[in-house]
2 protein chains.
Amino acid sequence: MENRAGYHVAVLGATGAVGREMVRTLERHAFPVASLRLLASPRSAGTLLPFSGEQLRVEAVNEHSFDGVDLALFSAGGSASRQWAPVAVNAGCVVIDNSSAFRMEPDVPLIVPEVNGADLGHHHGLIANPNCSTAQLVLALEPLKQRFGLHRVIVSTYQAVSGSGQRAIDELEHQLQAWVRGESVAPAVLPVADAAVHYPIALNVLPQIDHFLADGFTKEEEKMQNETQKILHAPRLAVSATCVRVPVVRGHSESVYVELEEPAEIPEIRDALRAFPTVVVEDDPDEQRYPYPLMCAGREETFVGRLRRDRYEERGIHFWIVSDNLLRGAASNAVAIAETWAEAVHG
Amino acid sequence: MENRAGYHVAVLGATGAVGREMVRTLERHAFPVASLRLLASPRSAGTLLPFSGEQLRVEAVNEHSFDGVDLALFSAGGSASRQWAPVAVNAGCVVIDNSSAFRMEPDVPLIVPEVNGADLGHHHGLIANPNCSTAQLVLALEPLKQRFGLHRVIVSTYQAVSGSGQRAIDELEHQLQAWVRGESVAPAVLPVADAAVHYPIALNVLPQIDHFLADGFTKEEEKMQNETQKILHAPRLAVSATCVRVPVVRGHSESVYVELEEPAEIPEIRDALRAFPTVVVEDDPDEQRYPYPLMCAGREETFVGRLRRDRYEERGIHFWIVSDNLLRGAASNAVAIAETWAEAVHG
C-alpha cells in the first residue's frame with residue numbers, strides 16, 4: 001500500500017506472533033504510514049495480512065527490500081536481524097530490532113521510551129527493542145529508582161509461550177487438545193526450539209528459557225540482568241532472575257523482590273508507580289484485585305499489584321508485574337520507539 | 001477390613017484428593033494396617049475405595065468413628081479437624097492432621113520426619129502435617145542449614161491446582177475442555193473457594209492462594225514463613241514467600257533464593273543436598289536436566305535443580321524445587337509421620 005503522507009515502513013517477520021502484532025499496532029496507533037511493506041522468509045511469502053482495510057501480501061525479503069524504506073520493524077529472530085539489519089541500514093533505513101542480536105552493543109540504544117527514550121538521540125540507524133520480560137520489569141523499576149533508588153532486584157518469571165513464537169503457541173494448543181482427548185503429542189518446540197531435548201508445556205512449567213550459560217544461569221536470565229542495567233543506566237545494579245515458562249498463551253508475570261536504597265512506605269511506592277506513564281497499579285487485596293495474564297492480554301499497559309513490604313528487610317518490597325509480552329514486551333514497545341523517533345526527527 | 005496384625009487406622013476425608021492418596025500410600029508403603037476405616041462427610045459416605053485388594057465403603061464420620069482406632073490421618077479441612085480431632089484424641093487415637101488448624105500451636109509438633117522427626121517425642125495425641133509448599137522447601141533448606149547456616153530465604157511458588165483439592169482439579173479440567181471447544185465456563189473455585197471473586201486458572205496464573213492478611217501477604221505465604229521457622233527450629237529466620245497458582249494438576253515448583261551464613265561452592269551444596277534423605281538432585285544444565293511437575297507427579301522424593309551462585313551476593317544461591325504436592329506435600333508425609341511414630345512407639 002502507498003496512499004498517505006507519512007513514513008515508508010517495512011515489517012520483517014510479519015507473519016510471526018510479534019510481527020502480526022506489529023502490523024496491528026501500527027494501525028491501532030494510527031502511526032503515519034505512507035506505505036507498508038510486509039517481509040518474511042520465502043516460506044511465508046504470499047501470506048495475506050490485513051492493514052487499514054486492505055489485504056497486504058507478504059514478500060520474501062531480499063537485497064532490495066529496504067530501498068526507499070524509512071523505518072523497518074524487525075522481528076524475525078537474531079540470525080535474520082544479523083543478515084538484514086546491515087542491508088537495511090545501508091539503504092538508509094532506521095531499523096527497530098526486536099531480536100537480541102544487537103541489544104548489548106554500546107552504540108545501539110536499547111529503548112523503552114518511557115524510561116530512556118532520550119537514549120534514542122545517539123543511534124546509528126539501529127535501535128534495539130528489549131526482551132519481553134525486561135520491558136515490563138524496567139517500567140516498574142524506573143519510578144522506584146527515581147524516587148527511592150534501587151539496591152538489588154530478584155525476579156522469578158511466569159512467561160507465556162507466545163514469547164517463544166507462533167510455533168510454541170501452536171505446540172501448547174496441540175498438547176491441550178490431545179490432553180482433552182486423552183492422548184499426548186511429542187513436544188518439539190519448548191523449552192528451546194533448537195535445543196536437543198524438548199518437554200511438554202501443557203499442565204507443566206519449565207524452568208528453562210533459552211540456552212544455559214557456564215554458571216548455570218540461562219541466556220534469558222542474563223538478558224534480564226544486562227538489559228535492565230543498560231536501560232536503567234545502572235551497570236552495577238544487582239539483578240538476579242529465574243525465568244520459567246508456564247502454560248499461558250499471552251501475558252508474562254513476574255514475582256519481584258526489590259531492595260530500595262531508602263526505606264519507603266507502600267502508599268508512597270504506589271504513588272510513584274501510578275505517576276509513571278503506561279504503568280497501572282492494580283492492587284486491592286480486600287477486593288482480590290491484582291493483575292493476571294488473562295486480564296492483561298491485548299492491553300498495552302504494565303500492571304503492578306501485590307505490593308507489600310518485606311517483613312524482615314526494612315528496604316525490601318515485593319510485587320507482581322503482568323504485561324502482554326507481545327505488546328509492551330515487543331510490538332507496542334517497537335511502535336512506541338518508532339513514535340519517539342518520529343517525534344524527535346520530525347516532531 | 002480387619003484381618004492383619006498392626007494398627008487400627010482411620011482416614012478422615014478419604015474421598016478428597018489427598019485422602020485418596022493417603023489410602024494408596026498406606027498400601028504402597030505396606031504400613032502395618034490391622035483395620036482401615038474410611039471416613040468422610042455424610043455427602044461422600046457410601047463411596048467405595050480400593051485398599052489391598054478390597055473395596056472399602058466410606059462411612060459418615062460420627063462421635064464413635066474413632067473408638068478402637070489407634071491412628072487417624074485427617075485431611076478434611078480445618079473446620080472438620082477442629083471438630084473431630086478432639087473426639088479422636090479423647091478416644092485414645094493419635095491424629096496426624098493435614099489441615100492448618102493446629103500447626104502453629106506450641107504443643108502440637110509439626111513434622112517433616114527427615115527434618116525434625118525427633119520433635120514427635122512431645123506430642124499430646126495431635127501431630128500436624130505441614131502445608132504442601134512448606135514440606136518440600138524445608139527438605140531442601142535443612143541440609144543447607146546444617147552445613148552452611150541460613151541467613152534468609154525468598155521464594156516464589158508455582159503451585160498445582162490439586163493443592164486446592166479435587167474441586168479445583170475438576171475446575172481446571174472443565175475450563176480446558178471448554179477452551180478446546182471454543183467455549184468458556186464461569187470460575188467458581190479458584191483462587192479460594194469461599195472468597196467473593198473467582199478467576200479462571202486455565203491458560204492463566206493467579207497470584208493468590210488463600211485469603212489476604214492485613215499487610216498484603218496471603219495466609220499461604222505466611223504459612224510458608226511460620227511453618228518453615230517452626231520445622232527448622234529457626235524462629236527468626238527471614239522467610240519471604242510469593243505464592244502463585246499455575247494451571248498444573250500435580251506438582252508444586254518453587255524458585256528459591258537463599259542467603260547462606262557462609263559462602264559455599266555449588267559442588268558442596270549439591271553434595272549436601274544429595275546426602276539428605278528423600279532429596280534428589282536433578283541438575284545438569286548441559287543435558288537440560290532439571291525437575292518439572294510432569295516429571296515429579298506420582299513420586300515421593302523432593303527434586304532440586306537449577307542450582308547456581310548469585311552473581312552479586314557471595315553467600316547467595318538460587319535453585320528450583322519440585323515435588324508432588326499430594327504425596328510429599330501431604331499424603332506421603334502423613335504416612336511417613338505415621339511410620340516414624342510407629343517406630344518410636346513400638347519399634
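Two strands pair if DSSP finds at least two bridges between them. Helices (H or I, at least four residues) and strands (E, at least two) are themselves DSSP runs, numbered from the N terminus. With these terms in hand, let us walk through the structure.

This is a predicted model, in which local features need pLDDT of at least 70, side-chain atom pairs count only at pLDDT 80 or more, and totals for chains, interfaces and linings use all residues. Residues are numbered from 1 along each chain as its sequence is written, while chains are lettered from A and ligands numbered from 1 in the order in which they are written. The predictor's confidence in each residue is its pLDDT, from 0 to 100. For chain A the mean pLDDT is 96, and 99% of its residues reach 70 or more. The model as a whole scores ipTM 0.96 and pTM 0.97.

**The open sheets**

In chain A, six strands make an open sheet in the order β5-β2-β1-β6-β7-β8, with parallel pairing. Strands β5 (59–60) and β8 (126–128) of chain A have a single partner strand each, so one side of each is left without a neighbour in the sheet. Inside this sheet, β6(A) and β7(A) run parallel and are joined by four bridges; Ala72(A) has Val95(A) in β7(A) as its bridge partner.

Chain B has an open sheet of six strands too, in the order β5-β2-β1-β6-β7-β8 with parallel pairing. Its edge strands, β5 (59–60) and β8 (126–128) of chain B, each pair on one side only. Val9(B) stands opposite Leu36(B) in β2(B).

Here are four strand pairs to look for in the model.

| Strand 1 | Strand 2 | Bridges | Direction |
|---|---|---|---|
| β6(A), residues 71–74 | β7(A), residues 94–97 | four bridges | parallel |
| β9(A), residues 150–158 | β10(A), residues 238–242 | five bridges | parallel |
| β9(A), residues 150–158 | β11(A), residues 252–260 | eight bridges | antiparallel |
| β1(B), residues 7–12 | β2(B), residues 33–40 | six bridges | parallel |

**A covered strand**

Strand β9(A) is mostly covered, with seven of its nine residues buried. A residue is buried if 20 or more other C-beta atoms lie within 10 Å of its own, exposed if 12 or fewer, and partly exposed in between, with C-beta atoms placed from the backbone. Val153(A) stands opposite Val258(A) in β11(A), and its bridge partner in β10(A) is Val239(A).

Ser41(B), in the loop between β2 and β3 (48–51) of chain B, counts as partly exposed because it has 16 C-beta neighbours inside 10 Å. Its C-alpha atom is separated by 8.6 Å from that of Leu12(B), 29 residues apart along the chain.

**A helix facing the other chain**

The buried residues of helix α5(A) are Ala168(A), Glu171(A), Leu172(A), Gln175(A) and Leu176(A). They cover an arc of only 125 degrees around the axis, which puts them on the same side of α5(A). The arc is that of the directions from the helix axis to the C-beta atoms. These buried residues pack against α5 (166–180) of chain B. After α5(A) comes Gly182(A), whose phi is positive, near 75 degrees.

**Where the chains meet**

In total, 48 residues of chain B are in contact (C-beta atoms, placed from the backbone, within 7 Å) with 48 residues of chain A. Among the elements of chain B that each supply at least two residues to the side touching chain A are β9 (150–158), α5 and β13 (302–309). That side divides into 30 nonpolar, 11 polar and seven charged residues. Here Ala, Val, Leu, Ile, Met, Phe, Trp, Tyr, Cys and Pro count as nonpolar, Asp, Glu, Lys and Arg as charged, and the others, Gly among them, as polar.

Methods. Contact = placed C-beta atoms within 7 Å.
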